[in-house]
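This briefing walks through selected contacts, helices and surface patches of the structure displayed below. Please keep the sequence and the model side by side while reading.

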Amino acid sequence: MADTNICSHTARSGGCRNPCSARIAWSSIFALTIGAFGIGTTEFVIMGLLPQIAGDYGVTIPTAGLLVTGYALGVVAGAPVMTVLGTKISRKRMLMLLMGLFIVGNLISAVAPSFAVMLTGRIVASLAHGAFFGIGSVVAAELVAPDKKAGAIATMFTGLTIANIVGVPLGTFIGQAIGWRTTFVIVAAVGVAGLIGIAKLVPALPRPETARLGQEFAALRNVQVMLAMAMAMAMAMTVLGFGGVFAAITYIAPMMTQVAGFSDGSVTWLLVLFGIGMFLGGRYADLHLMPMLYATLGGPEARVTLLQRTTTQWSAAIDSPRECVRPAGEHPGSELGASWEPRSPYAGRMTPPMTALVRIAPDLDAVTTIGPESDPADTGLTGGDIEAIWRSVQDWYRMGTTPAIQVCLRHRGHIVLNRAIGYGWGNAPKDAPDADKRLVTPDSPFCGFSTAKGVAAAVMFMLIEQGAFTLDDRVCDHVPEFSGHGKDRITIGDVMSHSAGVPFITPPYRGSELVLDEELAVRGLADLVPSWRPNRFRVYHAMTAGLIQRLLVQRATGRAMRDHLREQVLEPLGFRWNNFGVRPEDVDSVVPSVRVGPGPSKVWRHLAGRALGGGLSGPTDESAARAFLTAELPSGNLVTTAAELSRFYEILSRGGELDGVRIMRPDTLDAATRPARWLPGVAGRVSVGGYELGARRSKFGPDTGSHFGRSGLTTQYGWADPARSLSGAILTSGKAQADMDRPSRLVAQISTAIRPEG
């Protein structure tokens, strides 16, 4: 009976001409719901990914916000235009055309090589937004009986609700864990599912009566339409109020991570809460419209006031150089052993987390040591340029996220900055206030962790030049055991560029054990199971890359990689450190690395645990730490100083030669630093040799196209910029989550101060 009512209604109303059942009708509406889910996800997911997108394109967060603005303008302009154009064809075909636009726009965004192309993709996708919901709601209503029209339309719009509660948070999670481009690929796939559903499930509907723009505007002469517009103008305050909500939510990711102090992983759950709040608010408004309207309009003002006050307090407490916090005696129950007294108007109301920071001396000069430095004027710089850079280092140190920082810059053959600040020993968060403290100096070696990959890449290309192997050689050509589990296609070049498809240690093996036991490492690499085929995705091979290279070089040359490095580079040029691991008698000289502040998110811990074959904490006792520092891990235990790491990159910035010692030809270096082909993933823009690369606009500053380097856990970086005759290194002993962007920000400041030559 219900089926007959539906079909007879649609026939009488000029809807579906063919008899259709309730099952067909609701299947069709489900297809529309999928489309609504995809469109709702792509509209809002951008807000949780702005920092990542801004960083990849080297633009500011406000500039990245244009991706939201462009989408909104596309919706406004596209809705009436596409709706009118839709009168020329059947509604079903129009819906398919709109989903096609949506898919194309998201794919453009996923592969966009520049910010401008990304913005274009967003606008293309937005053109489908308004017209899809307008035409889709009409189609949904026509497919059902009169008493079910509202339910049909509500069902279709449920896609938006689910997008806010599930789609947007999930898309943010995927974007942070795997890469924001992957999120847009998945959203495009949702669009494909919606397109197929519409094509297969939505019945053929007649073309609506042809409308012209002139006829549409003629409706303005209708008195009822004018009255409706007057009522709409009376509701303008509501529109502006809700517009303010979206203006704020656009920047939820940077506000929550950079201002409120949440981790990147927390943004996912904050977006879940936002989506649930929108759903519950809508339900409550159905029951109590006016109270909810007052709360909606009044709530944002209260929230903005609170946000302004709290962020001001936070900034005054930890970011102001003159109003910096200072130790004020012992604080019972605190790991710091000291409380913080912010000298600001908000003292006592909000202070940084007590156990999250290290103690900061009130006199920074007393904890600063300076190594040999040239007069900046000898390189065309001013003393003010260098001091401005050092002030940024001091501001970073004042955050309390690292016990010690070491920085060295080399420009035009001169050391223009060579300083260290803080204590290398005795000032970790868990150290007692009266612990024996030792200042860090420019000569103190640090464990640079993954900065090792930049040095290892140079050694690998040295050996390639010498004929030991080639990038196109399969790993199993030199390590036959590696061919198991379908790894016989993986080349040395795949491993170098993080595209081998083996980023994760396969259980039951643990990364810490494979580092220390080379025989066990052979079995672990033989049993390594790929996550995907090579050259599908580019995902950072944190541990596996170093283990493979270590074994590969040993098998191909009969010598350890660190022996090649020592004999061909370090000894001829007089280096003291800068190798993979140290001798047992030198372990006590290495500045200890300590964890500071809250740990990483569960998502990050899970992914890092898989990549490292264990946890993020690394060696858990003194004996394990000593063993790690004496092992050889070309991807993770470079022991060096900022002065020596910057000198190593100076060799590369000069085309492979320094002080009469050539370690490789310029063309070999060019091959190592040439950009790798684009692949979706999370390793960022890298070179064939695995170096992180700059660009015309990048997180490393403007005009950094010749920039290449390698970062290390979590705030360490070494780099060269041949166009600036510049090399540098930043090393820290604190491993925190709150300051992970500080190295790139500091490098960007340096790149702005030291312009390209010629």
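The side chains of Arg398 and Asp395 are joined by a salt bridge, with N and O 2.9 Å apart. The coordinates belong to a predicted model, and in this model the count of salt bridges comes to 24. The points below begin with that pair, move on to a linked group of charged residues, and then turn to two helices and two surface patches.

**The pair in helix 16**

- Arg398 and Asp395 both belong to helix 16 (residues 383–398), where they sit 3 residues apart, about one turn of the helix.
- An α-helix has 3.6 residues a turn, so residues three or four places apart point the same way.
- The two partners fall into separate classes of exposure: Arg398 has a relative accessible area of 16% and therefore counts as buried, the limit being under 20%, whereas Asp395, with a relative accessible area of 24%, is partly exposed.

**A network of salt bridges**

- Arg559, Asp563, Arg566, Glu567 and Glu571 are linked to one another in a network of salt bridges.
- Within this network, Glu567 forms a salt bridge with Arg559, and the closest N and O atoms of that pair are 2.1 Å apart.
- Glu567 also meets the side chain of Arg566 in a salt bridge, here with an N to O distance of 3.7 Å.
- Glu567 is partly exposed, at 36% relative accessibility; Arg559 is likewise partly exposed, with a relative accessible area of 33%, and so is Arg566, with a relative accessible area of 29%.

**Helix 9 and helix 6**

- Helix 9 (residues 180–201) has 22 residues and, at 1.5 Å a residue, should span 32 Å, which agrees with the 31 Å that separates its end C-alpha atoms.
- The buried residues of helix 9 include the aromatic side chains of Trp180 and Phe184, and also Arg181, Val187, Val190, Gly191, Gly194, Gly197 and Ile198.
- Ala188 is found in helix 9, and because its relative accessible area is 3%, Ala188 counts as buried.
- The C-alpha atoms of Ala188 and Gly100 are separated by 9.5 Å, although these two residues are 88 residues apart along the chain.
- Helix 6 (residues 115–126) passes a similar check, since its 12 residues should span 16 Å at 1.5 Å a residue, and its end C-alpha atoms are 17 Å apart, which agrees.
- In helix 6 the buried residues are Phe115, Met118, Gly121, Arg122, Val124, Ala125 and Ser126, a list in which the charged residue Arg122 appears beside nonpolar ones such as Val124.

**Patches on the surface**

- A patch of negative charge on the surface is formed where Glu513, Asp517, Glu518 and Glu519 gather.
- One of its members, Glu519, is found in helix 21 (residues 518–526), and Glu519 is exposed, with a relative accessible area of 62%.
- A second patch, which is nonpolar and covers about 320 Å² of surface, is made by Ile162, Val166, Leu170 and Phe173.
- Val166, a member of this nonpolar patch, lies in helix 8 (residues 149–177) and counts as partly exposed, at 43% relative accessibility.

Technical notes. Residues are numbered from 1 along each chain as its sequence is written. This is a predicted model: local features need pLDDT of at least 70, side-chain atom pairs count only at pLDDT 80 or more; totals for chains, interfaces and linings use all residues. Side-chain values use heavy atoms; hydrogens and water are left out. Patches are made of residues with over 30% relative accessible area and no salt bridge: like charges are joined within 9 Å, nonpolar side chains (Val, Leu, Ile, Met, Phe, Trp, Tyr) within 5 Å. Accessible areas come from the Shrake-Rupley method with a 1.4 Å probe; for residues, only the protein chains shown count as cover. A salt bridge is a side-chain nitrogen of Lys or Arg within 4 Å of a carboxyl oxygen of Asp or Glu. The place of a charge is taken as NZ of Lys, CZ of Arg, CG of Asp or CD of Glu. Helices (H or I, at least four residues) and strands (E, at least two) are DSSP runs, numbered from the N terminus. Buried means under 20% relative accessible area, exposed over 50%, partly exposed in between (1.4 Å probe, protein chains only). The expected span of a helix is 1.5 Å times one less than its number of residues.
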